[in-house]
Amino acid sequence: MRDRKRTARIRVIGMAILFLALSVLMPGCGGDTAEEGITTDFLEDTVVTVGTSRVSLSEWYLYALPKISSATALYGKNIWQFRISDDEGTMADVVKQDILDQIIYVKIVCSKAEQLGITLNEDELGDIETETLNYMSMLTPEQKSRFGITEENVRNVYCDNLLAMKVYENLTLNINTDIPDEEVRHMVIEYICANKNFENGDNGTERFSDEELSEMKNLMESLYDQAVTDPEITSLSQLENEQYAAVELITDYAGLKEKFPAELAEMVFNMREGDVAGVYDTEDAFFIFECESRNEEESTNKARIDIIERRQRELFEKEYRQWEEETITKLNYSVWDDISVVEQLQEVTE
């Protein structure tokens, strides 16, 4: 019996996958999103109304239980009593509010689908029907009864989340993807650095003597000559040098500017693949550089995607804030105040 319930709990977590994509697109929410409203007109199982949409307690469970289950699996049951702050309360209070924010977000975005001419096609509806039946088959009769979960509200939650995603994609489809090279291109370099200062053991630094600096520079010039003249040397790390080891670095232009003087950063960023440059004499060190790869594809693509996704979020957030202001959201406090993440946790883990 215990194994069967444990399996059911694990399967409940599966619905969280559907919500994950939507949650990362949500604008940051501050404070309560639901307005004060008269609660006498609510149906007894209504948690919140968002415009003309009503969220029942069973729909609340469909959003809440996967999040509660996955967080408990990651952090343990005691996480819910952890106090975040005096204003926010415990982790249970914060998650309860997050779930409400997520539901309101999905409902508001979905409400704009018809206006934008966005619908779910037959293939999408067919996939949702399959997912709904699969999800229902994973629940025990006891779970369905306890949480009031029906095919209809599971289907509606799947539809809402997919429709909201389509609205997001539609509005951000034509975002500007033109990004300057210096904002995204990552390169692979090797460099040797000979510092002109050393730690003196008293939590301070001292500068090497002029004679020592001259010897240091001669050694660096010798290493540079070997790197550019010896055909068997294909990278700085192959140089036989115990005193100054070569360091490999995957970085973009911003990273170069943080690590090296501005004039060196620009020079390195514009190096061609296979180039060796040096010896550069700066205030604090001598440097030799080699460009192993002018364009590290994986890091560059990730940086490009990150910037495009940020632009999409910023564009969508601007639209969403306007929709949010236009939507009347009312919380049914007679139901809301009785919702306890800790009690739901006990129901999930019994």
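Begin by selecting Tyr 105, Tyr 168, Phe 316, Tyr 320 and Trp 323, which ring pairs link into a cluster; keep in mind throughout that this is a predicted model. Centre the view on Tyr 105, which has its place in helix α4 and which, at 1% relative accessibility, counts as buried. Adding Tyr 320 to the selection gives a long-range contact to inspect, since Tyr 105 and Tyr 320 are 215 residues apart in sequence and yet 8.5 Å apart in space, taken from C-alpha to C-alpha.

**The nonpolar core**

Which residues touch the most other members of the largest nonpolar core? Select Trp 60, Trp 80, Val 109, Phe 316 and Tyr 320, which hold that place among the 50 residues of the core. Then colour the elements that each supply at least two residues to this core, namely β1, α3, α4 (91–110), α5 (122–138), α7 (151–172), α12 (297–326) and α13 (333–336). Helix α4 gives the most to the core, with 11 residues.

**Strand β1 and its two partners**

Move next to strand β1, residues 46–50, where 5 of the 5 residues are buried, so that the strand is mostly covered. Show strand β2, residues 53–56, beside β1: the two pair in the antiparallel sense over 4 bridges. To follow the register, pick Thr 46, whose bridge partner in β2 is Ser 56, and then Val 50, which stands opposite Ser 53. The two strands form a hairpin with 2 residues between them, and Gly 51 in the turn has a positive phi of about 65 degrees.

Now add strand β11, residues 329–331, which also pairs with β1 in the antiparallel sense, here over 3 bridges. The bridge to select in this pairing joins Thr 49 to Lys 330 in β11.

**Along helix α3**

Select helix α3, residues 57–75, and place a distance between its end C-alpha atoms: they are 26 Å apart, which agrees with the 27 Å that its 19 residues should span at 1.5 Å a residue. Where along α3 does a kink lie? Zoom in on Ala 64, where the helix has a kink of about 30 degrees, shortly before the proline Pro 66. Continuing past the end of the helix, select Gly 76, which follows α3 and has a positive phi, near 90 degrees.

**Aromatic pairs**

A search of the whole structure finds 14 aromatic pairs. One of them is formed by Tyr 191 and Phe 260, an edge-to-face pair with 5.1 Å from centre to centre and 85 degrees between the planes. Tyr 191 lies in strand β5 (residues 187–195), whereas Phe 260 is in the loop between α10 (253–259) and α11 (262–269), so the pair ties together parts that are 69 residues apart in sequence. Both rings can be checked against a surface display: Tyr 191 counts as buried at 8% relative accessibility, and Phe 260 is buried as well, with a relative accessible area of 4%.

Select Tyr 280 and Phe 289 for another aromatic pair, this one tilted, with 6.2 Å from centre to centre and 55 degrees between the planes. Are the two partners buried or partly exposed? Tyr 280 is partly exposed, with a relative accessible area of 26%, while Phe 289 counts as buried at 0% relative accessibility.

While Tyr 280 is on screen, show strand β9, residues 276–281, in which Val 279 has its place. The peptide bond from Gly 278 to Val 279 is cis, with omega near -10 degrees.

**Charges over rings**

Turn to Lys 96 and Trp 336, where the charged end of the lysine sits over the ring of the tryptophan, 4.3 Å from its centre. A second arrangement to display is that of Arg 185, which lies over the face of Phe 269 at 3.8 Å from the ring centre.

**A last stop at helix α10**

Finish with Ala 254, which lies in helix α10 and counts as partly exposed at 38% relative accessibility. Selecting Val 184 along with Ala 254 shows two residues that are 70 apart in sequence and 9.4 Å apart in space, again from C-alpha to C-alpha.

Terms used
Residues numbered from 1 in each chain as written. Predicted model: local features only at pLDDT ≥ 70, side-chain atom pairs only at ≥ 80, totals over all residues. Heavy atoms only, no water. Pairing = 2+ DSSP bridges. Phe/Tyr/Trp six-rings, centres within 6.5 Å; stacked < 30°, edge-to-face > 60°. Buried < 20%, exposed > 50% of the residue type's maximum accessible area, 1.4 Å probe, protein only. Lys NZ or Arg CZ within 6 Å of the ring centre and 35° of its normal. Expected span 1.5 Å × (residues − 1). Bend = angle between axes of the 7 residues up to and from the residue. Core = buried A, V, L, I, M, F, W, Y, C linked by side-chain atoms within 4.5 Å.
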